[in-house]
Amino acid sequence: MNKKILRSIRSGAFIFAILSFNFAAKAQNSECKKKLVAFEEFVRENSHDQTIYKRWKELKQQCPTESETIYLLGEKMLSQKVDQANTTEEKSPLITELLSLYDEHDKAFPNNKRGNRINKALLLYDTKSGNSREIFTFLDKAFQLDNSEFTSPTVLNLYSELLMSEYGKKEIELTLDQLLEKLDQISGKVQAELKKSNQVRDNLMLKSQTEKLTAAEQNSLQQSKLSVSELTIVTENVNARLDKLANCEVLLSFYQKGFDKNSENALWLERAADRLDAKNCKSDFFIKVSEKLYALSPTAKSAYRMGLIARDKKDRPQILEYFTKSAELQTDANKKAELYYLIATTYGYPDKEKAREFAKKALAVKPDFGKSYIFISQLYSNSTRDCASDNAFENKALYWLAAETAKKAGAVDPTMKKTAHQLAAGFTKKAPSKQEVAVAKRKAGEQISFKCWIGESVSIPKL
């Protein structure tokens, strides 16, 4: 669909390559087959002859249904002529001819899947030879007939942009619900293409960790990364256009009307949940959509949303269940670490051992996750009563362990150095002084073990 690709013909040699690939294999009529072979011979022997275009037109006129390649070749030649034309007077008849060629192609090969309505729209848009209504009409018709041809981020963005523009100018008669439906359909197509590109990217990145990718795979990886980036921008643009149209009340009404029809459609449910969430429409219907989505598609994102809903209900067991599930399903190391940290802080001081367990899981996933060390140090400093013994000196010694742990945060994450240093200094002030070490008849380097949930030890520092 990329217009640069559509217009990439640069030589007779390229024309010949197309001919040799398709013509002979698809020839049906014996007379037309002879004409195709003759044309192929002519191109082979006269690759730069100016009459190639004239001979191609004769071939198309005499054998319009013989081979689809006739139209693909004509498209490339005419596109090149359009690009090379210097004036509007020169371009105009060529554009008209190319538009007609797209129609002839569809008539001769109605199931060609070449997206010729989209091609016509792009031609008018690129050459500034058509008005926005014409361009929108081609795109709208193409989308409604078969949106499988809409894979280009540029085309999807242009379609949604023109839809909003034409609606705003009252050039098209649509109710607000009909407009929202069209935008939601476009959003759904973008969403589906994004999932495909993400899957390709993730699979190839995973493969690259254990084996070297082929040149084709490396190219596919780069293309999928570019596609993800571009489609993400289109998603943001479509969402912004929807936000201008609909407040919470309008969105709730729109999605409630479509729920029964789409209650088993995970992509639709995901869009509805995302949009309602973005507008902060935290209604019973939002919960219904989120629950249904999680049941159909338990992803890291849908599990996390269920955890937030449980948190609003102050249902701690459910909060922990959903956040834990979200962390298990999450593939992004940064997000997984954040989720484990969230679980750790949810357990918090009432269950310090479980809190530390998940804080350590965050570190296992992301070793430079300094926040976990800070949190664990605070768990230790708040455990003097939990780990209280008859020995007051050993109770206070726990602050040394807290200080050591806090310092680790600054060691793994330079951005946390100041915080880690201040926190460690505060803990050290609460730890036994040099005089208390002497009174307790202890010495530097001696190990003090903590038998409670902590199960760790600390060396008495040299003071």
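## Disulfides: what counts, and what is found

A disulfide is taken here as a pair of cysteine sulfur atoms within 2.5 Å. One of them joins C248 to C281, with an S to S distance of 2.2 Å. Before going on, a word on the model you are looking at. It is a predicted model, in which local features need pLDDT of at least 70 and side-chain atom pairs count only at pLDDT 80 or more, while totals for chains, interfaces and linings use all residues. Residues are numbered from 1 along each chain as its sequence is written, and side-chain values use heavy atoms, with hydrogens and water left out.

How many disulfides does the rule give? The count comes to 3. Counted along the chain, the bonded cysteines follow the pattern 1-2, 3-4, 5-6. As a general reminder, a disulfide is a covalent bond between the sulfur atoms of two cysteines.

## C32 and C63

C32 is joined to C63 by a disulfide with an S to S distance of 2.1 Å. The link of C32 and C63 is left-handed, with -100° about the S-S bond. This pair links distant parts of the chain, 31 residues apart: C32 sits in helix 3 (residues 30-45), and C63 in the loop between helix 4 (52-62) and helix 5 (69-84). Helices (H or I, at least four residues) and strands (E, at least two) are DSSP runs, numbered from the N terminus.

Are these two cysteines buried or exposed? C32 is buried, with a relative accessible area of 10%, and C63 is also buried, at 2%. For these labels, buried means under 20% relative accessible area, exposed means over 50%, and partly exposed lies in between (1.4 Å probe, protein chains only).

## C248 and C281

Back to the pair that opened this report. C248 is partly exposed, with a relative accessible area of 25%, whereas C281 is buried at 2%. C248 lies in helix 12 (residues 248-262) and C281 in the loop between helix 13 (266-278) and helix 14 (284-296), so the disulfide ties together parts that are 33 residues apart in sequence.

## C387 and C452

The disulfide between C387 and C452 has an S to S distance of 1.8 Å. Its torsion about the S-S bond is about 75°, so this disulfide is right-handed. Where do the two cysteines lie? C387 is in the loop between helix 19 (370-381) and helix 20 (392-412), and C452 is in the loop between strand 1 (447-449) and strand 2 (457-459); the pair links distant parts of the chain, 65 residues apart.

C387 is buried, with a relative accessible area of 14%, while C452 is partly exposed, with 24%.

## Salt bridges

A salt bridge is a side-chain nitrogen of Lys or Arg within 4 Å of a carboxyl oxygen of Asp or Glu. By this rule the count comes to 31. One of them pairs K371 with E338, their closest N and O atoms being 3.1 Å apart. K371 is in helix 19 and E338 in helix 17 (residues 333-347), so to speak of distant parts of the chain is fair: they are 33 residues apart. K371 is partly exposed at 29% relative accessibility, and E338 is partly exposed at 37%.

K354 and E357 offer a local example, with closest N and O atoms 3.2 Å apart. Both lie in helix 18 (residues 352-365), 3 residues apart, about one turn of the helix. K354 is partly exposed at 27%, and E357 is partly exposed at 33%. D202 and R201 also form a salt bridge, with closest N and O atoms 3.1 Å apart; D202 has a relative accessible area of 35% and R201 has 22%. Elsewhere, D274, D277, K282, K301 and R305 are linked in a network of salt bridges.

## The nonpolar core

A nonpolar core is a set of buried Ala, Val, Leu, Ile, Met, Phe, Trp, Tyr and Cys residues joined through side-chain atoms within 4.5 Å. Which residues touch the most other members of the largest one? Of its 124 residues, they are W56, L139, F150 and W400. Helix 20 gives the most to this core, with 10 residues.

W400 is worth a look on screen. Not counting residues up to four places away in sequence, W400 touches F393, A431, P432, V437, I448, V458, I460, P461 and L463, where contact means heavy atoms within 4.5 Å.
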